Amino acid sequence: QVQMVESGGGLVQPGGSLRLSCIASGNIVRSNAMGWYRQAPGKQRELVAGITSGGITNYADSVKGRFTISRDNAKNTVYLRMNNLKPEDTGVYYCSSLGLPRYWGQGTQVTVPS
């Protein structure tokens with residue numbers, strides 16, 4: 001059974017930073033383009049950052065220049081470095097593959113108070 005385990009979230013003041021980690025079982029990270037998704041309260045889950053198997057990255061306009069996605073295939077882990085956090089970054093963050101099928105973990109909560 002595929003498992004995704006996200007961690008690193010928390011409560012941070014505006015302008016602060018966090019680094020999220022996602023450890024996946026099996027070869028999910030090695031074999032796929034991966035992404036970090038965010039679900040804000042009352043909104044649909046959205047893709048905020050993606051990284052291909054070759055390391056090419058892409059970001060939603062709302063996080064461009066502030067977030068950095070990276071991967072460590074040897075550790076089956078994907079990271080999301082988030083700088084200059086804003087209240088609108090609040091939400092539950094999940095990692096999964098960009099393609100189908102997608103497997104979801106429990107996510108990690110990020111809260112940036114206004």
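This text walks through a predicted model, from its sheet to its loops, salt bridges and disulfide.

Start with the sheet. Strands of a sheet pair through backbone hydrogen bonds, and the pairing can be parallel or antiparallel. Here 4 strands build an open sheet. Their order is β1-β3-β8-β7, and they pair in the antiparallel way. Now look at the two ends of that order. β1 covers residues 4-7 and β7 covers residues 67-72. Each has a single partner strand, so one side of each has no neighbour in the sheet. On average, neighbouring strands of this sheet are turned by 15 degrees against each other, direction ignored.

Take a closer look at one edge. β7 runs antiparallel to β8, which spans residues 77-82. The two strands are joined by 6 bridges. One place to find the pairing is D72, which stands opposite T77 in β8.

Next, follow the chain from β7 into the loop that leads to β8. Two residues of this loop deserve a stop: K75 and N76. Are they buried or exposed? K75 counts as exposed, because its relative accessibility is 54% and the cut-off for exposed is over 50%. N76 counts as buried, because its relative accessibility is 10% and buried means under 20%. K75 also gives a sense of distance. Its C-alpha atom is separated by 15 Å from that of S7. Along the chain, K75 and S7 are 68 residues apart.

N76 has another feature, and it concerns the backbone. Most residues other than glycine have a negative phi. N76 is not a glycine, yet its phi is positive, at about 55 degrees. N84 does something similar, with a positive phi near 50 degrees in a residue other than glycine. N84 sits in the loop between β8 and β9. Its relative accessibility is 41%, so N84 counts as partly exposed.

The backbone holds one more point to check. Most peptide bonds are trans. The bond from L100 to P101 is cis, with omega near -5 degrees. To find it, go to the loop between β9 (91-97) and β10 (108-111), where P101 has its place.

Now turn to the charged side chains. How many salt bridges does the structure hold? There are 4. Consider R66 and D89, one of these pairs. Their closest N and O atoms are 2.7 Å apart. This pair links distant parts of the chain. R66 is in the loop between β6 (57-59) and β7, while D89 is in the loop between β8 and β9. The two residues are 23 residues apart. Both partners are buried: R66 has a relative accessible area of 8%, and D89 is at 1%.

A second pair is R38 with E46. Here the closest N and O atoms are 3.1 Å apart. The setting is mixed. R38 is buried, with a relative accessible area of 4%. E46 is partly exposed, at 33%. These residues also belong to something wider: R38, E46, R66 and D89 are linked in a network of salt bridges.

A further salt bridge joins D61 to K64. Its closest N and O atoms are 3.1 Å apart. D61 is exposed, with a relative accessible area of 67%. K64 is partly exposed, at 48%.

Finish with the cysteines. A disulfide is a covalent bond between the sulfur atoms of two cysteines. The count for this model comes to 1 disulfide. Which residues does it join? The answer is C22 and C95, with 1.6 Å from S to S. C22 lies in strand β3 (residues 18-24) and C95 in strand β9, so the pair ties together parts that are 73 residues apart in sequence. Are these cysteines buried or exposed? C22 counts as buried, at 0% relative accessibility. C95 is buried too, with a relative accessible area of 0%.

Now trace the route once more on the model. β3 is a member of the open sheet, and it carries C22 of the disulfide. β8 pairs with β7, and the loop between them holds N76 with its positive phi. The loop from β8 to β9 holds N84 and also D89, a partner in the network of salt bridges.

Technical notes: Residues are numbered from 1 along each chain as its sequence is written. This is a predicted model: local features need pLDDT of at least 70, side-chain atom pairs count only at pLDDT 80 or more; totals for chains, interfaces and linings use all residues. Side-chain values use heavy atoms; hydrogens and water are left out. Two strands pair if DSSP finds at least two bridges between them. Axes are lines fitted to C-alpha atoms, for helices over the stretch in contact, and angles run from 0 to 180 degrees between N-to-C directions. Buried means under 20% relative accessible area, exposed over 50%, partly exposed in between (1.4 Å probe, protein chains only). A disulfide is a pair of cysteine sulfur atoms within 2.5 Å.
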